[in-house]
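Got the model open in your viewer? Let's walk through it one selection at a time.

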Amino acid sequence: MYELSLLCPEDRVETISDALDALDALSVSVEDADAQTDAEQALFGEPGMPAPKEGWNRSRVIALYPDEAAATEARDLLLPQDFFEGCKILAVKPVPEQDWVRLTQSQFEPVEITPEFWIVPTWHELPEQAKVSIRLDPGLAFGTGTHPTTRMCLRWIARQPKGSLGRTLDYGCGSGILAIGAAKFGASDIDAVDIDPAAVESTNYNTSANHVEVKAGLPEAAGGEYQTVLANILATPLKVLAPLLCGRVQAGGHLVLAGILERQADELKEAYAPYVKLEVADSEDGWILMTAQRAA
């Protein structure tokens, strides 16, 4: 493959990216051209919200093409365009051959949940101190243990008294990691549901690989009440789901919610107030875990 790289001001990034896409780029990415310098600019986005900007003050736009001819043709077509004013061609060059599988794998190390509980990719050896582990590789569905919301849910599971999880529901299961974690710590009759069929497929694969019994399906597969209800989604759908999720928690059971930013705590408490009293149980990197116990 060949890489066509350009330098663009922030107000041209979207137009240039659209043009490259129209010129049959295999992919288009945008980077801070001043990264690793004193002029580096941090841009922070939040899940479910629009990106704060299309790019950086000085953005490097990189398009991949299958061969040099295609990359050169795209370059030559861009140069005379009015919208290219203020932009600059940096290079047309071959992309070095990479072992992409090995490169991807190198980015995922074992993740410590507690000193004795670890999430470990299948290509890694188990840490010596891991008494409980989940074998999980990155895939199409959300949940590899690297995100704070997932780690907080798993920490909560690991800290519960032995045998207390009971019948468990993982709502919005993604990779199935929370359902697997619950199974590893003694939960029984576990249902894992998601609106995405790919997540259901991923959960089935991962539960089989971890030798635990979990029933995965679409949301209508959940039935009755549960001692433990886990939902690691995002604040907005969690507010909408308040009556449904609380209706699944049996008397004396626990509700565990994640995917919530610290500043969203009060709105979640308000949404769930007619059903249960939510409290912040854990926090990490600006995210919180909220839990409640239904009255017996």
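A residue counts as buried when its relative accessible area is under 20%, as exposed when that is over 50%, and as partly exposed in between (1.4 Å probe, protein chains only). Helices (H or I, at least four residues) and strands (E, at least two) are DSSP runs, numbered from the N terminus. Keep in mind that this is a predicted model, where local features need pLDDT of at least 70, side-chain atom pairs count only at pLDDT 80 or more, and totals for chains, interfaces and linings use all residues. Residues are numbered from 1 along each chain as its sequence is written, and side-chain values use heavy atoms, with hydrogens and water left out.

**Stop 1: a three-stranded sheet**

Select strands 5, 6 and 7: they make an open sheet in the order 5-6-7, with mixed pairing. Two strands pair if DSSP finds at least two bridges between them. On the edges sit strand 5 (111-114) and strand 7 (132-135), each pairing on one side only. From one strand to the next, the twist averages 20 degrees. Axes here are lines fitted to C-alpha atoms, for helices over the stretch in contact, and angles run from 0 to 180 degrees between N-to-C directions.

Now zoom in on strand 6 (residues 117-120), which pairs with strand 7 in the parallel sense over four bridges. Which residue of strand 7 does Trp118 stand opposite? Look for Ser133.

**Stop 2: helix 4**

Add residues 148-158. This is helix 4, which packs on the sheet and touches strand 5, strand 6 and strand 7; contact means heavy atoms within 4.5 Å. The direction of helix 4 makes about 40 degrees with that of strand 5. Ten of the eleven residues of helix 4 are buried, so the helix is largely enclosed by the rest of the structure. Among the buried ones are Met152, Leu154 and Trp156.

**Stop 3: the seven-stranded sheet**

Next, show the open sheet with the order 10-9-8-11-12-14-13, again with mixed pairing. Its edge strands are strand 10 (215-217) and strand 13, and the twist averages 15 degrees from one strand to the next. Strand 8 (residues 167-171) and strand 9 (residues 188-193) pair in the parallel sense over five bridges. Click Thr168: its bridge partner in strand 9 is Ile190. Helix 5 lies across strand 8, strand 9 and strand 11 (226-232), running at about 175 degrees to strand 9.

**Stop 4: a hairpin**

Finish with strand 13 (residues 279-284) and strand 14 (residues 287-293), an antiparallel pair with five bridges. Ser283 stands opposite Ile288 in strand 14. Two residues separate the strands of this hairpin, and Asp285 in the turn has a positive phi of about 55 degrees.
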